[in-house]
Amino acid sequence: MSDVQKFLQLVEAYSAELDNLSMEVWKNPELAFKEFTACKLQCELLRKWGFEVTENYCGFETAYRCEYGSGSPAFAITSEYDALPGIGHGCGHNLICGASLGAFIALTEYMKANNIPGKVVLLGTPAEESGSSKVKIVDSGALDGVDAAMMVHASWRTCLDTGCLSIKRFDVVFKGKASHASGSPHLGINALDAVNLTFAGVNAWRQQLPESSRIHGIVTEGGLKPNITPDRAGCCFFVRADNPEWQDKMNNRFLDIIKGAALMTGCEYEITKVSSGTKARKPNSLMNQLWMENIAELGSPVDLSFGPGRGSSDFGNVSQTVPAIHPYIGISEDHTEIAGHSAALCAAAGKPYALSQMHKASAAMATVGLKVLTDADYREKLKIEFNK
Ligand SMILES: [Zn+2]
Ligand SMILES: [Zn+2]
């Protein structure tokens, strides 16, 4: 029997508990940093299995760290469990925590049975959708001594980690002067005009951007009544790129557009919030290859037509610190396309088919972990590619 088949058997021995965890999380969607039930359920299960768990990890109430073994080599698995406002688990994070705990228990059981030295680290990382806890968790040294890291996300189809973009969020408020919009327009300064000109500037700029870049925004404030010249208006933009150089260029250009819009209208402006941002994801091709072989062996072949990822994730910061991958497991039973962040994906993430796919994801993740822990030559190759 191959390693991945053995791992699937180990995962299936725990399937009642893993499925219960995933479904409880699915039924009780909790938003970023409020994942109290999801965090508690994972910590309770890990303790029941005999592991020690550090809660309130890195100062986050809903983060945790759990370790098995000691020293080197070390493999890390990250868990996510936050939901989206309005559409619950429309990103399927209930399957991520189930898959990660499944991989952790299967890999550690295998290590015990076969006297395999090394360490497995499971990190409970809240607020992926909004808040990006992995930035602080990684910066605080959570991955010190770790040779490679992994997690698996749900999607409509099984695919490799094809990377994702870095992101920075800007919140801007323009301040003008109110006046009667019809009776005394000449005494007003229109803050909404500055917002409109920001969108015009961004839209004109878009054509000159590389295909991999993204910029998209919403209006957060736009005035009170048509007969009052808006003295205050605001917008929020996400700026994304596939490398730090373009991210910096785009950040600076966006700020110039804001300044230009303020100058054209005579408004003042204030950048009310700038996120620390997350980094672009750097997938390791050797780990992707191993994922592809093992998940295919379990009957879920990788769809290679999937192009470069254009979302963003705080796992980007993990992948820029150690060799890592964040591939996807398909949960669309009839293989039709389902949009991410949708009610349809939420529905699919609560079905028995998704749970059976989650078990396969755990098993394939465990085979990658086992290779990292037992093959020094492979670890060296991962490092060489990472440092390129
Ligand atoms: Zn999402
Ligand atoms: Zn997600």
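The dialogue below reads the fold of this predicted model, from the whole chain down to single strand pairs.

Me: What should I keep in mind about the model and its numbering before I start?

Reply: This is a predicted model, in which local features need pLDDT of at least 70 and side-chain atom pairs count only at pLDDT 80 or more, whereas totals for chains, interfaces and linings use all residues. Residues are numbered from 1 along each chain as its sequence is written, while chains are lettered from A and ligands numbered from 1 in the order in which they are written.

Me: How do I read the overall dimensions, and what radius of gyration does the protein chain have?

Reply: The radius of gyration is taken over C-alpha atoms, and the globule rule is 2.2 Å times the number of residues to the power 0.38. For 388 residues a compact globule would come out near 21 Å, and the 23 Å of the protein chain agrees with that. Along its principal axes, the C-alpha trace spans about 85 × 45 × 40 Å.

Me: Which domains does the assignment give, and how far apart do their centres lie?

Reply: Domain bounds come from an automatic or database domain assignment, which here gives domain 1 (3–164 + 281–387) and domain 2 (166–274). Their C-alpha centres lie 38 Å apart. The contact between them takes four residues from domain 1 and five residues from domain 2, where two residues are in contact if their C-beta atoms, placed from the backbone, lie within 7 Å.

Me: How many helices and strands are there, and how are the strands of the four-stranded sheet ordered?

Reply: Strands of a sheet pair through backbone hydrogen bonds, either parallel or antiparallel. Helices (H or I, at least four residues) and strands (E, at least two) are DSSP runs numbered from the N terminus, and two strands pair if DSSP finds at least two bridges between them. The protein chain has 12 helices and 12 strands. An open sheet of four strands follows the order 8-9-7-10 with antiparallel pairing; its edge strands, each pairing on one side only, are strand 8 (214–221) and strand 10 (268–274). Neighbouring strands of this sheet are turned by 25° against each other on average, direction ignored, with axes being lines fitted to C-alpha atoms, for helices over the stretch in contact, and angles running from 0 to 180 degrees between N-to-C directions. Strand 7 (residues 166–175) and strand 9 (residues 232–241) are joined in the antiparallel sense by 10 bridges, and Phe170 stands opposite Phe237 in strand 9. Helix 6 (residues 191–206) packs on the sheet, touching strand 7, strand 8 and strand 9, and its direction makes about 20° with that of strand 9.

Me: Is strand 4 buried or exposed, and which strands pair with strand 4?

Reply: A residue is buried if 20 or more other C-beta atoms lie within 10 Å of its own, exposed if 12 or fewer, and partly exposed in between, with C-beta atoms placed from the backbone. Six of the six residues of strand 4 (residues 119–124) are buried, so strand 4 is largely enclosed by the rest of the structure. Lys119, Val121 and Leu123 are buried on one side, and Val120, Leu122 and Gly124 on the other. Strand 2 (residues 64–69) runs antiparallel to strand 4 and is joined to it by six bridges, with Cys66 opposite Leu122. Strand 3 (residues 74–79) pairs with strand 4 in the parallel sense, also over six bridges, and Thr78 stands opposite Leu123.
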